[in-house]
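Biologist: I would like to learn how to read a ligand site and its pockets. Could you take me through one?

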Amino acid sequence: MTTIFTKIIEKQIPADILFEDERVLAFKDISPQAPIHFLVIPKKEIATTNDISAEDEAVVGYMHRIAAKVAKDFGVDQQGYRTVMNCNADGGQTVYHIHLHVLAGKPLGWPPYTDRLKVE
Ligand code: AMP
């Protein structure tokens, strides 16, 4: 399924691109949830983490390496950052083209969700 991220890959809509090669693209999130918030996506259309095939294993690992590289470019690799990949409705996924969120620039709370479960 084609999403807005394919339009970004194909330069049909603009994005603040941080890294690009033949396999992946990293760009700033349009609605940042931390002082630094960017996304790393594969150029291949993969809808959700449920759809990652054996042949996709290399690019998914590579996405993490590029997350670390761009975090280092921002100078936050040592203080730290968080990577998140949401899956489907309950995971909070809104764009059905897998993407690694990278959040940094302040100490991040845990757990990451705000609707806390009541523990009896
Ligand atoms: P998710 O909810 O995990 O699917 O995350 C989708 C992310 O894509 C959200 O954090 C959005 O802010 C971000 N996003 C949606 N459209 C754009 C866009 N045109 N450029 C950059 N980020 C976007």
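**The ligand shell**

Modeller: Start with α1, which gives the most to the shell around the ligand: three residues. Helices (H or I, at least four residues) and strands (E, at least two) are DSSP runs, numbered from the N terminus. This is a predicted model, where local features need pLDDT of at least 70, side-chain atom pairs count only at pLDDT 80 or more, and totals for chains, interfaces and linings use all residues. Residues are numbered from 1 along each chain as its sequence is written, and side-chain values use heavy atoms, with hydrogens and water left out.

Biologist: Which residues around the ligand come nearest?

Modeller: A residue is near a molecule if one of its heavy atoms lies within 4 Å of it. Here 16 residues surround the ligand, and D29, N86, G92, T94 and H101 come nearest. α1 (4-9) and β2 (24-28) each supply at least two residues of this shell.

Biologist: How does the shell divide into nonpolar, polar and charged?

Modeller: Ala, Val, Leu, Ile, Met, Phe, Trp, Tyr, Cys and Pro count as nonpolar, Asp, Glu, Lys and Arg as charged, and the others, Gly among them, as polar. The shell has seven nonpolar, seven polar and two charged residues.

Biologist: What lies 2.8 Å from an oxygen atom of the ligand?

Modeller: Look for polar contacts, pairs of N or O atoms within 3.5 Å. A polar side-chain atom of H101 is 2.8 Å from a ligand oxygen. For N86, a side-chain N or O atom lies 2.8 Å from an oxygen of the ligand. G92 uses a polar backbone atom, also at 2.8 Å from a ligand oxygen. The protein covers 85% of the 500 Å² of accessible area that the ligand has on its own (Shrake-Rupley method, 1.4 Å probe).

Biologist: Where does the ligand sit?

Modeller: Rolling a probe the size of a water molecule over the atoms shows where empty space is left. A pocket is an open set of points on a 1 Å grid over the protein atoms alone, where a 1.4 Å probe fits, with protein on both sides within 12 Å along at least five of seven lines; lining residues have an atom within 4 Å of a point. The ligand sits in the largest pocket (more than half of its atoms lie within 2 Å of the grid points). That pocket has a volume of about 480 Å³, the space filled by probe spheres set on the points, which are joined across faces, edges and corners.

Biologist: Which residues lie nearest its centre?

Modeller: Of 23 lining residues, F5, D29, L39, V95 and H101 do.

Methods
A polar contact is a pair of N or O atoms within 3.5 Å; within protein, one must be able to donate a hydrogen and the other to accept it, and residues adjacent in sequence count only if both atoms are side-chain atoms.
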